[in-house]
Amino acid sequence: MGIKRRHWAWAAALLTLALLAVTGCQGTPSGREKPTAAPSTPTSMPVARVCARPAAGPAKAPTGAVTVDPAVAGDLAAKTKSSPPNTTFWLRPGTHRLEPDRYAQVIPKEGDSYLGAPGAVLDGRKTNQYAFGGTARNVTIRYLSVQGFVAPQDEGVVNHDSADGWVIEHATIQYNSGAGLMAGARQRVLANCLRGNGQYGMNAYKTTGRISDLVVEGNEIVGNNTGDWERRKPGCGCTGGVKFWAVNGADVRGNWVHDNRGAGLWADTNNNDFRIEGNVLEANDGAALIYETSYNAVIRNNTFRRNNWVEGRKYADSGDTFPFATIYLSESGGEPRIPARTDKIEIYRNVLENNWSGITLWENADRFCHSPANTSSGDCTLLVKNTDRCAQPAIATAPLYADCRWKTQRVDIHDNRFVLDKSVVDCTVECDRMAVLANYGTYPDWSPYQGERVAEAITLKQHNRWHDNVYVGPWKFVAHDPSRILDSGQWQSTPYQQDADSTFRAVDGG
């Protein structure tokens, strides 16, 4: 899984959330956390400034709650084990510990609730791998800090087993290895601080089946991937603020996603029906948003600022001419045959300001079901259940010729504002691109997608449109392949005919 690095490779605020509106911005292009910095946005969008001002839990135990004593190691796990389902646990102020065994953890029962008093912390002391695990449904964790756990790669500390129906709200999940938390179906992740975790703030992944009806709202997601996993495992596609895998139906709204090493938000492999709206994404080392081998999404009313400075500059300095982008759609598009709240990918009413480039629509012609170049570990599209069907001679004919490939199609990009001041980004070349392109297909030798077929399709035949946008700054456009760099007039002319009714100006006039 992850981005395919082959050929050129890299392969109106909407919400009225109960969030604090703040101003002033001191985030850094290096992707390191500035937790006390609060951004302003061109649209005065509310920002989830959670980490600096966490909500306080109840100072007294609620009626009927079981009180947990921080002076007794393992008290939380033991009382959970001895209590019936649907019990509420109140953790006193102080640092709570588990037994000093790597696999010691809390195993909730169905309907259990955990409430932290002001100053309540559950600390793994770099010994325990997991904080909360098991398969019990409808567990609630509120007002609790969880830190110092050492989950392995791709595993998580809270909801380790991706159980369904959990609510994690007003929690601080920070400075753990692996992912701060995992996600199950119908999970609600609300107004949390997900900070400084070794791999992800959250890993929305289930070992069996798909996650559905996921809400991620009002969180601050900052400084994650401290372990720099892409450097340790190049091309792993295993980093970012939040990673989504095979999620069917997600609302990601009102979050402040900033200063993460790698991508901010990354939906990878057979996700569908996403609404990504009202977020502020800024100063992430890599792309702010990657939507990869996935389907049907609405991306609207977000602010993107100063993203991809680190990774974009790194590849440009190495001579790579690929248009690395702030919003990167890789083999992803609208598909009416897959049920969702939309049948396209619509990107509109967003502000993109001083990022490394803008939006890139990409397809890897060599990446399809049953191809050795498919980095999604043997997965096939949502239209073909049996990967083995995608082989010669059947793949060369309808319907498999179309259905065995994830396609970047039916993407509608409109009413956005793209602002670029190269003196702010500190670049001279390759930070000014908007792109729709593919590689020249070569592999494997039995592929029906060889040559320029995919490049012609994504550029001219798959209903990908830019229109009614505002461009400020020296924007350039890439079509078909990286060598075809266009000015705005060429971009608007035949054969591309993009950005009808859009405006272009060199400097900002308001």
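Start by selecting Phe274: with a relative accessibility of 1%, this residue counts as buried (buried means under 20% relative accessible area, exposed over 50% and partly exposed in between, with a 1.4 Å probe and protein chains only). Before going further, note that this is a predicted model, in which local features need pLDDT of at least 70, side-chain atom pairs count only at pLDDT 80 or more, and totals for chains, interfaces and linings use all residues. Residues are numbered from 1 along each chain as its sequence is written, and side-chain values use heavy atoms, with hydrogens and water left out.

**Aromatic pairs**

The structure holds 20 aromatic pairs. Rings of Phe, Tyr and Trp (its six-membered ring) pair if their centres lie within 6.5 Å; planes under 30 degrees apart count as stacked, over 60 as edge-to-face and the rest as tilted. Select Phe89 and Tyr114 for a stacked example, 5.0 Å centre to centre with 10° between the planes. Phe89 belongs to strand β2 (residues 88-91) and Tyr114 to strand β4 (residues 113-116), so this pair ties together parts that are 25 residues apart in sequence. Helices (H or I, at least four residues) and strands (E, at least two) are DSSP runs, numbered from the N terminus. Both Phe89 and Tyr114 are buried.

Now go back to Phe274 and add Tyr291: the ring centres are 5.7 Å apart and the planes are at 70°, so the pair is edge-to-face. Phe274 is in strand β21 (residues 272-277) and Tyr291 in strand β23 (residues 289-292), so the pair ties together parts 17 residues apart in sequence. Tyr291 is buried, with a relative accessible area of 0%.

For a group of rings, select Phe418, Trp466, Tyr471, Trp475, Phe477, Trp491 and Phe504, which form one aromatic cluster. Keep Phe477 in mind for a later stop.

**Charges over rings**

Next, show Trp229 and Arg232: the charged end of Arg232 sits over the Trp229 ring, 3.9 Å from its centre. A charge sits over a ring if NZ of Lys or CZ of Arg is within 6 Å of the ring centre and within 35 degrees of the ring normal. Then move to Lys243, which lies over the face of Trp266 at 3.9 Å from the ring centre.

**The open sheet**

Switch to a cartoon view and follow the open sheet of 11 strands, in the order β8-β11-β14-β17-β20-β23-β26-β29-β32-β35-β36, with mixed pairing. Its edge strands are β8 (156-158) and β36 (485-486), each pairing on one side only. Two strands pair if DSSP finds at least two bridges between them.

Within the sheet, colour β26 (residues 327-330) and β29 (residues 359-363): these strands run parallel and are joined by four bridges. Leu329 has Leu361 of β29 as its bridge partner. Further along, β32 and β35 also run parallel, joined by five bridges, and Arg433 is partnered by Lys476 of β35.

β35 and β36 run antiparallel with two bridges, and they form a hairpin with four residues between them. Here Phe477 has Leu486 of β36 as its bridge partner. β35 is mostly covered, with four of its five residues buried.

**Helix α6**

What lies across this part of the sheet? Select helix α6 (residues 453-461), which lies across β29, β32 (433-438) and β35 (476-480), running at about 135° to β32. Axes are lines fitted to C-alpha atoms, for helices over the stretch in contact, and angles run from 0 to 180 degrees between N-to-C directions; contact means heavy atoms within 4.5 Å. Its buried residues are Val454, Ala455, Ala457, Ile458 and Thr459, and what covers them includes β29, β32 and β35. Just after α6, His463 takes a positive phi of about 60°.

**A buried asparagine**

Where is Asn355? Asn355 lies in the loop between β28 (351-353) and β29, and counts as buried at 2% relative accessibility. A polar atom of the Asn355 side chain lies 3.0 Å from the backbone nitrogen of Arg306. Leaving aside neighbours within four places in sequence, Asn355 has contacts that include Phe304, Arg305, Trp309, Leu420 and Cys431.

**Last stop**

Finish at Ala48, in the segment before β1 (66-68). Ala48 is buried, with a relative accessible area of 1%. Add Glu217 and draw a distance: the two residues are 169 apart in sequence and 9.0 Å apart in space, C-alpha to C-alpha.

Key
Polar contact = N/O pair within 3.5 Å; in protein donor to acceptor, adjacent residues only side chain to side chain.
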